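Me: I am new to this structure and should be grateful for a close look at a single part of it. Please choose one loop residue with an unusual backbone, describe its setting, and then place it within the whole.

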Amino acid sequence: MKIAVVGIGVAGAYLMNRLSDAHDNHVVGFERLPEIQHDAVCAWATCKNVMSGLVKNCGLNFEEYILHSGKHMKVNLGSIGSKNGKDDDNNNIDIRLKGMVSYDKLKLIQDMMKGTKIEFGKIPKKENLESEFDIIIDSTGFHRNYLPKLENDTWIPCIQYKVKYDIGKTPFDDFYLKAFPSMTGYFWYFPLGNGYAHIGAGDFERKKNNKFVDEFLNRHKCQVVKKVGRPVRITPPVNCEPFTDGRKSIGVGESIGTVYSLLGEGIIPATWCAELFIQHLDDIKSYRKAVLKRFKIYKLVFKFIQLKIAGKFNMIRHVYDLLRIYNHMKSEEDRYGMQVKMINMMKVSRI
Ligand SMILES: Cc1cc2nc3c(=O)[nH]c(=O)nc-3n(C[C@H](O)[C@H](O)[C@H](O)COP(=O)(O)OP(=O)(O)OC[C@H]3O[C@@H](n4cnc5c(N)ncnc54)[C@H](O)[C@@H]3O)c2cc1C
């Protein structure tokens, strides 16, 4: 089978590694960025309990990519700029972490794609791909260039800095979040080891996040290594249909909405999606079914976020939904890499 993998991010790299292994496939990857600029725009946090197995499928050892192993995550719930123009730094909860890490996402992508055939710096034309390949995988993430445009797409604009502090002078030793009001988004500080960190914010109400990040950088002076901006899609898979264009293109990963919107987490879901694709390679209908089944809860979580953002969440009417989300996460603490408590969930959700 001749397969084009367009977009070499988390899903694309996993697919290149696993599909190129099968000797009866002819697989070519395409990445729009030149090889030297190839990047993995993301805060690089994930759960090692799940990633270890997925990375092992590619013949690699996840432990070698870990930059920082989290023990606790401080989540600040204080107001922004209300007390004499200062943020409220006292209203915090502490979440015990059980496998949450930051890792070198770019290095892992590079190692997954080693020995495979990839054309960099190229956005291939769909008609050219169609004449050459049997299957075109759209793993372009947010872009979704090779699939029908979505009518009701929701995304969170994000900005992020990679920064460097002098050793011993970092503002935090471990993962830190500041939740914005009404669950419109959050600010993050994720350590990357040796004084490096990703600092960023995603906020549905775009303006606030830039301001908060700028103020943080002013308060905690550091060397800025890189600045990036990219939206993250939070529309769940069920609302990202069709997964195919009805011809040769088929979506895998964030292009079809595999992001857990409560956390803005897309690494594990995109990799799972890629694995589902491999398992159902010869039957697109069963791939669709498997994706909808695996990511069923994402619709409910997305609804919850939408209600909170719109200020329409009603504890009496929506309590059952909240309980289902809590039960899901509580029963999968190892998968999410953190201890899940109802009281914390309610505090973060401002309920
Ligand atoms: C600022 C930010 C921080 C995040 N932090 C986290 C986090 O800490 N943990 C987590 O789990 N998730 C995080 N996410 C979400 C996560 O990064 C994504 O959901 C995940 O990477 C999606 O994987 P993917 O392979 O589907 O797409 P991507 O990783 O986005 O890869 C898509 C690739 O396709 C390429 N491409 C795009 N268009 C074309 C084209 N037309 N032709 C060729 N190539 C193309 C891109 O250059 C890119 O390399 C974050 C997202 C953002 C925006």
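Reply: Arginine 144 is found in the loop that connects β9 (135-138) with β10 (155-164). In this predicted model, the residue has a positive phi of about 55°, although it is not a glycine. Is arginine 144 buried or exposed? A residue is classed as buried once 20 or more other C-beta atoms lie within 10 Å of its own. Arginine 144 has 23 C-beta neighbours inside 10 Å and therefore counts as buried.

Asparagine 194 offers a useful comparison. This residue, too, is not a glycine, yet has a positive phi of about 55°. Its place is in the loop between β12 (185-193) and β13 (196-203). The surroundings are described by another count: 12 other C-beta atoms lie within 10 Å of asparagine 194, so this residue is exposed.

A further backbone feature occurs in a loop later in the chain. Glutamate 241 and proline 242 are joined by a cis peptide bond, with omega at about 5°. Proline 242 belongs to the loop between β14 (223-233) and β15 (249-251).

These loops belong to a protein with eleven helices and 15 strands. Of its 351 residues, 39% are buried. Among contacts with a separation of 6 or more, 72% are between residues 24 or more positions apart. The C-alpha atoms occupy a box of roughly 65 × 50 × 35 Å along the principal axes. For 351 residues, a compact globule would be expected to have a radius of gyration near 20 Å; the value for this protein is 20 Å, which agrees.

One pair of helices may be added to this picture. Helix α8 (residues 297-309) packs with helix α9 (residues 315-331) at an angle of about 130°, and their axes are 10 Å apart. The two helices are therefore oblique to each other. The crossing in which α8 passes α9 is left-handed. On the α8 side, the contact is formed by Ile297, Leu300, Val301, Lys303, Phe304 and Leu307, while α9 supplies His318, Asp321, Leu322, Arg324, Ile325 and His328. Sorted by class, this contact comprises seven nonpolar, two polar and three charged residues.

To return to the part chosen at the outset, arginine 144 has a positive phi and counts as buried, whereas asparagine 194 has a positive phi and is exposed.

Technical notes: Residues are numbered from 1 along each chain as its sequence is written. This is a predicted model: local features need pLDDT of at least 70, side-chain atom pairs count only at pLDDT 80 or more; totals for chains, interfaces and linings use all residues. Axes are lines fitted to C-alpha atoms, for helices over the stretch in contact, and angles run from 0 to 180 degrees between N-to-C directions. Helices (H or I, at least four residues) and strands (E, at least two) are DSSP runs, numbered from the N terminus. Angles under 35 degrees count as roughly parallel, over 145 as roughly antiparallel, 65 to 115 as roughly perpendicular and the rest as oblique. A crossing is left-handed if the near helix is turned anticlockwise from the far one by less than a right angle, and right-handed if clockwise. Two residues are in contact if their C-beta atoms, placed from the backbone, lie within 7 Å. Ala, Val, Leu, Ile, Met, Phe, Trp, Tyr, Cys and Pro count as nonpolar, Asp, Glu, Lys and Arg as charged, and the others, Gly among them, as polar. The radius of gyration is taken over C-alpha atoms; the globule rule is 2.2 Å times the number of residues to the power 0.38.
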